[in-house]
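Hi,

Here is the structure I promised to pass on. My notes follow below it.

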Amino acid sequence: MAKVTFITSDNESITLEANTGTVMNLAVDNGVKGIDGDCGGVCSCATCHVHVLQEHVSKIGKATEIETDMLELADNANEFSRLCCQLEISEALDGLVLQVAK
Ligand code: FES
């Protein structure tokens, strides 16, 4: 079980829990504004772009080359950007806070 908090562009804070799936699935299934998951999680759309809080970067692994390449095409990407369809829910993610990218 992991709790993940999303902060939307409206500064709304939404905390959700899941055991399995990806962070994108969790957001889309619960209607988190700004995360669309258009490609279904195959790392080809960047509509699941989030910024990881700096202090939480250690909770998640490094992005793959495919993810990094896709992020280069995303608006407002920075060193804390991730595509949350590439983040598998696990205990390690518990407490993760993500800012939904604009
Ligand atoms: S859902 Fe398309 S890149 Fe993540």
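Below are the basics of the model, then the first strand, then the core.

This is a predicted model, in which local features need pLDDT of at least 70, side-chain atom pairs count only at pLDDT 80 or more, and totals for chains, interfaces and linings use all residues. Residues are numbered from 1 along each chain as its sequence is written.

Let me start with β1 (strands are DSSP E runs of at least two residues, helices H or I runs of at least four, numbered from the N terminus). Antiparallel to β1 runs β2, residues 13–18, joined to it by six bridges (strands pair if DSSP finds at least two bridges between them). K3 sits opposite E17 of β2. The two strands make a hairpin with five residues between them, and N11 in the turn has a positive phi of about 65 degrees. β5 runs parallel to β1, with four bridges; there, V4 has L96 as its bridge partner.

The side chains of β1 alternate: A2, V4 and F6 are buried on one face, while K3, T5 and I7 point to the other and are not buried. Buried means 20 or more other C-beta atoms within 10 Å of the residue's own, exposed 12 or fewer, and partly exposed in between, with C-beta atoms placed from the backbone.

Now the largest nonpolar core (buried Ala, Val, Leu, Ile, Met, Phe, Trp, Tyr and Cys residues joined through C-beta atoms within 7 Å). It has 24 residues, and V23, M24, A27, I35, C84 and L98 touch the most other members. β1, α1 (23–29), β3 (49–52) and β5 (96–100) each give two or more residues, and α1 gives the most, with five.

Happy browsing!
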